[in-house]
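Thanks for asking me to look this over. Here are my notes, point by point, to read with the model open beside you.

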Amino acid sequence: MHQQKRQTRWLTAMIMFLGISVYAQSNINGDLSKPASQLNYIAVGSSLSAGVSNSGLTSESQKSAFPNLIATQMKLTNFMQDLLDDSVSIGTEKVDYRGGVLRFIDTATPSGKVSRLPKAKEDVSNFAIPFLKISNILVNETMEGSFLPSFERKSYNHIYRFTDQQGEGKVSYLDIIDKRVKNVDFFTFEIGMHDLVSYYKSGGQGQPISLLTNEREGYFPENYLIQLLTSRGARGVMANVPDVLEFPFFRSYGYDEMKTKVGEEIYTEFNGKLQVRKAHSGDCFIPNSNTSLLFTSVGSIGRSREEPLSDEDVIGTEEQVDVRKYNSWLGVIADLNNIPLVDLHKLYSQILSGTYVSEDGVKIDPSYPAGNFFSNDGIHPTKIGQAVIANEFIKSINVFYHANIPLVKIKDIK
């Protein structure tokens with residue numbers, strides 16, 4: 001009798017355990033409700049979502065993009081990512097860092113390097129565009145003012161992978177999503193970081209920064225895009241923007257270090273190249289051929305008022321943007337649409353301070369170029385960096401949508 005009772009209790013416990021396990025597996029995506037085989041997830045966004053690494057895109061970096069990792073953790077079977085051929089890439093590079101000087105070396109073979117991505121297949125889930133800007137959401141090439149200094153042609157080149165030949169030059173990013181995305185249950189949204197990267201790489205030229213800091217006056221392209229998706233029944237999650245100017249690329253050449261190397265005052269143009277001033281500790285120097293010469297004994301640029309650095313070589317304090325203003329707008333948009341906001345600004349701050357450790361115990365190292373978070377370009381993340389970002393999205397999804405999506409194991413990333 002006692003043996004039978006023990007067996008009964010054991011069977012009851014096993015049934016309960018199996019029931020809980022089955023429920024947990026079927027409920028992995030929580031309030032997103034549909035089982036993994038039926039849930040349609042799309043990614044909208046820019047370079048992070050596309051998988052840009054080492055300043056470019058390859059099939060390998062596409063596979064490492066955080067939306068792909070999220071889809072894998074959600075056990076989705078229908079997340080379609082249109083991968084490049086293994087022999088094709090855009091703009092990939094490695095870095096040579098010797099004597100305090102950055103040298104970027106293009107690693108793409110001439111036959112495999114493309115200036116625009118090939119046309120995408122019909123069935124696609126990741127609609128991220130490398131180097132996409134906020135302004136691209138509603139603006140197409142035929143609109144007046146499309147190519148003011150705050151716009152970039154290369155983002156339009158890649159937008160057209162999602163159009164037919166007749167649509168090239170005539171559609172915005174919103175038009176593409178409207179036409180191609182009819183059935184969607186869930187989305188991730190990430191746009192804005194490249195606006196800052198482009199602005200700072202140009203030395204602070206080309207304001208307004210693609211709508212990041214100027215007065216919007218009620219004009220919010222991001223909200224148009226999100227409302228298009230939510231109007232079709234989709235739930236989603238969006239991310240804010242990190243402080244790009246703190247990334248290793250922009251902090252590689254410090255004023256004190258350069259001043260020590262030069263041994264004399266450093267001069268730079270300002271005020272639209274109309275005037276010349278002495279550089280100071282608040283300046284940020286863009287790694288390029290002009291600033292690199294200051295580390296040598298042969299360069300004369302920047303050493304005198306008569307031959308100063310160009311305005312594009314230096315980001316003055318007045319050109320540096322407080323990204324928190326833009327992030328506050330994104331917070332309002334998230335609240336209006338009742339979707340969670342992933343705080344990439346906070347995440348990157350923790351990583352850059354050297355205090356971030358993953359849930360499975362991996363120290364995330366922001367040092368450059370030897371660390372594990374930033375890729376060779378000092379701007380975009382490595383595979384490990386993408387996995388860390390994916391986990392931030394997953395944590396927000398789990399809390400907001402009562403889901404049980406497992407985190408990516410950072411220690412397993414090779």
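1. Helices α6 and α8 make a good place to begin in this predicted model. Their packing angle is about 5°, and because angles under 35 degrees count as roughly parallel, α6 and α8 are roughly parallel to each other. The two axes lie 10 Å apart, with α6 covering residues 173-180 and α8 covering residues 221-230.

2. Which residues of α6 and α8 meet? On the α6 side they are Tyr173, Leu174, Ile177 and Asp178. Their partners in α8 are Tyr224, Leu225, Leu228 and Leu229. If you display these side chains together, you will have the contact between the two helices in view.

3. Next, please look at the sheet. It is an open one, made of 4 strands in the order β1-β4-β5-β10, and its pairing is parallel. At the edges are β1 (41-45) and β10 (341-342), each of which pairs on one side only.

4. Inside that sheet, β1 and β4 pair in the parallel sense over 5 bridges, and Ala43 stands opposite Thr188 in β4. Strand β4 (residues 186-190) is also joined to β5 (residues 235-239) by 4 bridges, again running parallel. Here Phe187 is found opposite Gly236 in β5. As a reminder, strands of a sheet pair through backbone hydrogen bonds, either parallel or antiparallel.

5. Two helices deserve a mention alongside this sheet. Helix α8 packs on it and touches β1, β4 and β5; the direction of α8 makes about 170° with that of β4. Helix α4 (residues 66-73) lies across β1 and β4, and runs at about 160° to β1.

6. Is β1, an edge strand, enclosed or open to the surroundings? Of its 5 residues, 5 are buried, so β1 is largely enclosed by the rest of the structure. Tyr41, Ala43 and Gly45 point one way from the strand, while Ile42 and Val44 point the other way, and all are buried.

7. Moving on to another part of the chain, β6 (residues 267-270) and β7 (residues 275-278) run antiparallel and are joined by 4 bridges. One opposite pair is Tyr267 with Lys278 in β7. The two strands form a hairpin with 4 residues between them. In the turn, Asn271 has a positive phi of about 55°.

8. Glu269, which belongs to strand β6, is worth a click. Is this residue buried or exposed? With a relative accessible area of 19%, Glu269 is buried, because the cut-off is under 20%. A polar atom of the Glu269 side chain lies 3.2 Å from the backbone nitrogen of Asp311. Leaving aside neighbours within four places in sequence, Glu269 is in contact with Gln275, Val276, Pro308, Leu309, Ser310 and Asp311.

9. Finally, some overall values for your own notes. The protein chain has 13 helices and 10 strands, and 55% of its 414 residues count as buried. Among contacts between residues at least 6 apart in sequence, 75% join residues at least 24 apart. The accessible surface of the chain comes to about 18800 Å², and carbon and sulfur atoms account for 52% of that.

Conventions
Residues numbered from 1 in each chain as written. Predicted model: local features only at pLDDT ≥ 70, side-chain atom pairs only at ≥ 80, totals over all residues. Heavy atoms only, no water. Buried < 20%, exposed > 50% of the residue type's maximum accessible area, 1.4 Å probe, protein only. Polar contact = N/O pair within 3.5 Å; in protein donor to acceptor, adjacent residues only side chain to side chain. Contact = heavy atoms within 4.5 Å. Pairing = 2+ DSSP bridges. Axes fitted to C-alpha atoms, helices over the stretch in contact; angles between N-to-C directions. Areas by Shrake-Rupley, 256 points an atom, 1.4 Å probe, with all protein chains shown as cover. Parallel < 35°, antiparallel > 145°, perpendicular 65-115°, else oblique.
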